[in-house]
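Here's a quick walk through a single protein chain, written for someone who thinks at the bench. Have a look at the fold first, and then we'll go through the contacts.

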Amino acid sequence: RHSLDASVIGGRSSPSGRAGHVLQIFMRRDLVDRLCYPALPYGEVDQDRLPLSAWLNSGSSFNWGQARILVHPDFFMDSERVRMFSVSADPSFDSGRHAFQEELVAALRAALPRTAPDGD
């Protein structure tokens, strides 16, 4: 319905046959060590690259390694701290992304239990 390619799980391919997506996340440098950590496969902390900000600024090769980002709403909902941009290779899905996201949020709200704002 939204042209999202689901062929990898047995669903329909996108109309254009292009299934790629890119998500760019930009954050203030002073937040990198609060929200990110260098990781080994499966998420274990890579102690050799701590702190991550120092390793990123060291001139080391970026052709290996992983990192994890902790998506904390207080930071990710503040465009002065974090900004995200996304694009899809399939123009039909990319142009209808907003409608897809609205329907996805509605489906998740209906399926997931509600909790009180204070966590009770």
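What follows goes from the overall layout to the side-chain contacts and then to the backbone oddities.

This is a predicted model, so keep the filters in mind: local features need pLDDT of at least 70, side-chain atom pairs count only at pLDDT 80 or more, and totals for chains, interfaces and linings use all residues. Residues are numbered from 1 along each chain as its sequence is written, and side-chain values use heavy atoms, with hydrogens and water left out.

**Overall layout**

The chain has 5 helices and 4 strands, and along the sequence they run β-α-β-α-β-α-β-α-α. Its radius of gyration is 18 Å, well over the 14 Å that the globule rule gives for 120 residues, so the chain is more spread out than a compact globule. That radius is taken over C-alpha atoms, and the rule is 2.2 Å times the number of residues to the power 0.38. Helices (H or I, at least four residues) and strands (E, at least two) are DSSP runs, numbered from the N terminus.

Along the principal axes, the C-alpha atoms fill a box of roughly 45 × 45 × 30 Å. Buried residues account for 19% of the 120 residues. Here, buried means under 20% relative accessible area, exposed means over 50%, and partly exposed is in between (1.4 Å probe, protein chains only).

**Greasy and aromatic spots**

Which residues make the nonpolar surface patch of about 450 Å²? They are Leu23, Ile25, Ile69, Val71 and Met84. Patch members have over 30% relative accessible area and no salt bridge; like charges are joined within 9 Å and nonpolar side chains (Val, Leu, Ile, Met, Phe, Trp, Tyr) within 5 Å. The areas come from the Shrake-Rupley method with a 1.4 Å probe, and for residues only the protein chains shown count as cover. Met84 belongs to strand β4 (residues 82-88), and its 43% relative accessibility makes it partly exposed.

There are 4 aromatic pairs in the structure. In the pair of Phe26 and Phe85, the ring centres are 6.0 Å apart and the planes sit at 70°, so the pair is edge-to-face. Phe26 is in strand β1 (residues 21-27) and Phe85 is in strand β4, so this contact joins distant parts of the chain, 59 residues apart. Both rings are partly exposed, Phe26 at 46% and Phe85 at 44%. For the cut-offs, rings of Phe, Tyr and Trp (its six-membered ring) pair if their centres lie within 6.5 Å; planes under 30 degrees apart are stacked, over 60 edge-to-face and the rest tilted.

Elsewhere, ring pairs join Trp55, Phe62 and Trp64 into a cluster. Arg49 sits over the face of Trp55, 4.7 Å from the ring centre. To count, NZ of Lys or CZ of Arg must be within 6 Å of the ring centre and within 35 degrees of the ring normal.

**Salt bridges**

The structure holds 5 salt bridges (a side-chain nitrogen of Lys or Arg within 4 Å of a carboxyl oxygen of Asp or Glu). Among them are these:

| Acidic residue | Basic residue | N to O distance |
|---|---|---|
| Glu103 | Arg1 | 2.9 Å |
| Asp30 | Arg28 | 2.8 Å |
| Asp94 | Arg97 | 3.0 Å |

Glu103 is in helix α5 and Arg1 is in the segment before β1, so their bridge ties together parts that are 102 residues apart in sequence. Arg1 is exposed at 76%, whereas Glu103 is partly exposed at 37%. Buried or exposed: which is Arg97? Arg97 is buried, at 15% relative accessibility, while its partner Asp94 is partly exposed at 27%.

**Backbone oddities**

Most residues other than glycine have a negative phi, and most peptide bonds are trans. Three spots here are worth a look. The peptide bond from Leu50 to Pro51 is cis, with omega near -15°, and Pro51 is in the loop between β2 (36-39) and α2 (52-56). That loop also holds Tyr42, which has a positive phi near 75° and is exposed at 85%. Ser3, in the segment before β1, has a positive phi of about 70° and is partly exposed at 21%.
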